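Me: I'd like a close look at one part of this model, with enough of the surroundings to place it. Could you walk me through it in plain terms?

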Amino acid sequence: MLDNAQLVGKRIRSLRESRKLSLLKLAELAGISTKHLGKVERGQSKISLECLEKVAGALSVPVKDILDADHEQGRAALTAEITSLLPELSDKDTQIVYRLVKMLAGR
C-alpha cells in the first residue's frame, strides 16, 4: 500500500500528465524547483502546504483534488477496498455496482 506522500505525488503526476505539462513546465508555473517536484511525484519527498498550494494553482485545481488521491493506489489495494465496502451497500446499490463493473469490463 502506498503512503500519503506517494499517493499525493502520484496524483500530482496524474494531473500534470492529463494536462500535457512537462515536469519542467509545471515547476515553472508553480515557482518551485524541478528537482523538488520530481522527488514529490516519486514520493521521495513530502510536499509542504505552501508548495502544495502553488502546485494546485499551477494545475488549476483546488488543493482538495490533489489530496483526494485514494484512487491512485494499486489494483490490489483498490480491489480490497471495494470488496470491504460492498457489505455496506443496499441490495439495489449492489446491483448497480454489479451492472457498472460488468459494463466497464465489456460483458
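What covers the buried residues of helix 1?

Reply: The cover over the buried residues of helix 1 includes helix 2 (23–30), helix 3, helix 4 (49–59) and helix 5 (63–67). Contact here means heavy atoms within 4.5 Å. Helices and strands are DSSP runs numbered from the N terminus, with H or I over at least four residues for a helix and E over at least two for a strand.

A word on the ground rules before going further. This is a predicted model, in which local features need pLDDT of at least 70 and side-chain atom pairs count only at pLDDT 80 or more, while totals for chains, interfaces and linings use all residues. Residues are numbered from 1 along each chain as its sequence is written, and side-chain values use heavy atoms, with hydrogens and water left out.

Now to helix 1 itself. Its 15 residues reach 21 Å from the first C-alpha to the last, close to the 21 Å expected at 1.5 Å a residue; the expected span is 1.5 Å times one less than the number of residues. The buried residues of helix 1 are Ala5, Leu7, Val8, Gly9, Arg11, Ile12, Leu15 and Arg16. Buried means under 20% relative accessible area, exposed means over 50%, and partly exposed is in between, using a 1.4 Å probe and protein chains only. It may help to recall that an α-helix has 3.6 residues a turn, so residues three or four places apart point the same way.

Arg16 is a good residue to click on. This arginine sits in helix 1 (residues 4–18) and is buried, with a relative accessible area of 9%. Setting aside neighbours within four places in sequence, Arg16 is in contact with Leu21, Ser22, Leu23, Leu26, Glu41 and Leu59.

Going on along the chain, Lys20 lies in the loop between helix 1 and helix 2. Lys20 has a positive phi near 55° although it is a residue other than glycine, and at 75% relative accessibility it counts as exposed. For background, most residues other than glycine have a negative phi, and most peptide bonds are trans. Ser60, in the loop between helix 4 and helix 5, also has a positive phi, of about 60°, without being a glycine. At 65% relative accessibility, Ser60 counts as exposed.

Next come two residues from the helices that help to cover helix 1. Thr34 belongs to helix 3 (residues 34–41) and is partly exposed at 30% relative accessibility. Not counting residues up to four places away in sequence, Thr34 touches Leu23, Leu24 and Ala27. The C-alpha atoms of Thr34 and Leu24 are 5.7 Å from each other, with their positions 10 residues apart along the chain. Lys54, in helix 4, is partly exposed at 35%. With neighbours within four places left aside, Lys54 is in contact with Ala30, Gly31 and Ile32.

Lys54 also leads to another part of the chain: its C-alpha is separated by 40 Å from that of Tyr98, 44 residues apart in sequence. Helix 7 (residues 91–104) has 14 residues and reaches 20 Å from first C-alpha to last, close to the 20 Å expected at 1.5 Å a residue. Of those 14 residues, the number buried is 0, so helix 7 lies largely in the open. Just after helix 7, Gly106 takes a positive phi of about 75°.

Finally, the whole chain. There are 7 helices and 0 strands. The radius of gyration is 17 Å, well over the 13 Å that the globule rule gives for 107 residues, so the chain is more spread out than a compact globule; the radius is taken over C-alpha atoms, and the rule is 2.2 Å times the number of residues to the power 0.38. Along its principal axes, the C-alpha trace spans about 50 × 25 × 20 Å. Of the 107 residues, 28% count as buried. Among contacts with a separation of 6 or more, 56% come from residues 24 or more positions apart.
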